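Good morning, and thank you for making time for this presentation. I would ask you to keep the structure in view while I speak.

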Amino acid sequence: MLLSMIAPLLLAAAQGPQPSSPDDDPPTPAEVEELAFDRDRYERMTVPVTIAGRGPYRFMVDTGSQATVVTPRIVEDLALQPDGQALVVGMGSSALVSTLTLDGLEFANRRLDNLRTPLLLDSHIGADGILGLDSLQDLRVLMDFREDRILVADARDLGGNSGYEIVVRARRKLGQMIITDARIGNIRVNVLIDTGTQRSFGNRALRERLRTSEHGTEIMTDVHGSAIENELRLARRLSIGGITLARLPIGFADSPTFAALGLENQPALVLGIGDLRAFRRVAIDFNQRRILFDLPGR
């Protein structure tokens, strides 16, 4: 079965620790310490998931992906067979990929069955799989930058709204939570928070109205392994519901992701998790359609 735009905002994440080859030189003590830190951080920035009682597997939480995704490791481990195909739209490319039907996916005290999941390479997504929007509805995603970890659960289990200074309403479109009360200078902009990408990027409509000069380029890689060269510009102020992010670098490239959401003609920005580290905590509540911000101290 062909599912177009099944994952319009899937982006490659930074890869977790990779197994070493027998031919690799033994790591030095400093490298061992760094690898231990990377492994620990990888564990805290992913969510343990079981499938049909097997696992746990480490899944990246991606609020920019419409679909939950699996990798060949899980397919081989569970002896699964592809049963269809889907068109997966990444940041810079589209590709027809195999899909599988998952039953018994469990996390955050819930079980999901009959999930149609694309199959992508773990080297491109940096984890055993991705928890997409089809698995996150009615839950809260909490990014705790003090503890450098990400959590998924009911809002009540994550402490409710206590400790958050700013609560912003969002509207839902194709599962995405879109903040409409945001501005860059006098430009009204739609903002999406994407936990699956580190850097922020905008669409052509925003670039045409942003009156700043180019500040260089950067290379990003999407879920198909395609490299995209982004033109970097600096936004002096991004204001969201009474809070401000200053001197925000934004990458711009021709991408099909905004068209998939019907935002190609409106200024729009995907806010990456790396730029959210200015806050202590950020929570995305899909049930209440709210984004909550815990402001940093002085």
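Before I begin, one term is needed: two strands are said to pair if DSSP finds at least two bridges between them. Strand 18, residues 201-202, satisfies that condition with strand 22, as two bridges join them in the antiparallel sense. Please bear in mind throughout that this is a predicted model.

Let me first describe the chain as a whole. It contains six helices and 24 strands. Of its 298 residues, 52% count as buried. If we take the contacts between residues at least 6 apart in sequence, 66% of them join residues at least 24 apart. The accessible surface comes to about 13900 Å², and carbon and sulfur atoms account for 46% of that area.

I return now to strand 22, which spans residues 268-272. How many of its five residues are buried? The count is five of five. Ala 268, Val 270 and Gly 272 lie on one side of the strand, Leu 269 and Leu 271 lie on the other, and both faces are covered. With strand 18, the residue standing opposite Leu 269 is Gly 202. Strand 22 also pairs with strand 17, residues 190-194, here in the parallel sense and over five bridges. In that pairing, Asn 190 has Ala 268 as its bridge partner.

Next, I turn to an open sheet. Six strands form it, in the order 3-9-2-1-6-7, and the pairing is mixed. Strand 3 (69-70) and strand 7 (110-112) stand at the edges; each has a single partner strand, so one side of each is left without a neighbour in the sheet. Further in the listed order we find strand 1 beside strand 6. Strand 1, residues 47-51, runs antiparallel to strand 6, residues 105-107, and two bridges join them. Ile 51 is the residue that stands opposite Leu 105 of strand 6.

I come now to charged side chains. As a general point, side chains of opposite charge can pair when their charged atoms come close. A search of the whole structure finds eleven salt bridges. Which residues are linked with Arg 111 in a network of salt bridges? They are Glu 106 and Asp 113. Between Arg 111 and Glu 106, the closest N and O atoms are 3.9 Å apart, while the N to O distance between Arg 111 and Asp 113 is 3.2 Å. The cut-off for a salt bridge is 4 Å, so the pair with Glu 106 falls within it. Both acidic partners are partly exposed: Glu 106 has a relative accessible area of 34%, and Asp 113 stands at 40%.

A further salt bridge joins Asp 285 and Arg 140, with the closest N and O atoms 2.9 Å apart. This pair links distant parts of the chain, since Asp 285 belongs to strand 23 (residues 281-285) and Arg 140 to strand 10 (residues 140-144), 145 residues apart. Are these two residues buried or exposed? Both Asp 285 and Arg 140 are buried.

Finally, I would draw your attention to the interior space. The count comes to one cavity of 30 Å³ or more. About 40 Å³ of space lies in the largest cavity. Its lining consists of Thr 63, Gln 176, Met 177, Ile 193, Ile 284, Phe 286 and Ile 291.

Thank you for your attention.

Technical notes. Residues are numbered from 1 along each chain as its sequence is written. This is a predicted model: local features need pLDDT of at least 70, side-chain atom pairs count only at pLDDT 80 or more; totals for chains, interfaces and linings use all residues. Side-chain values use heavy atoms; hydrogens and water are left out. Helices (H or I, at least four residues) and strands (E, at least two) are DSSP runs, numbered from the N terminus. Buried means under 20% relative accessible area, exposed over 50%, partly exposed in between (1.4 Å probe, protein chains only). Contact means heavy atoms within 4.5 Å. Accessible areas come from the Shrake-Rupley method with a 1.4 Å probe; for residues, only the protein chains shown count as cover. A salt bridge is a side-chain nitrogen of Lys or Arg within 4 Å of a carboxyl oxygen of Asp or Glu. On a 1 Å grid over the protein atoms alone, a cavity is a set of points where a 1.4 Å probe fits but cannot get out, and a pocket is an open set with protein on both sides within 12 Å along at least five of seven lines; lining residues have an atom within 4 Å of a point. Grid points are joined across faces, edges and corners, and a volume is the space filled by probe spheres set on the points.
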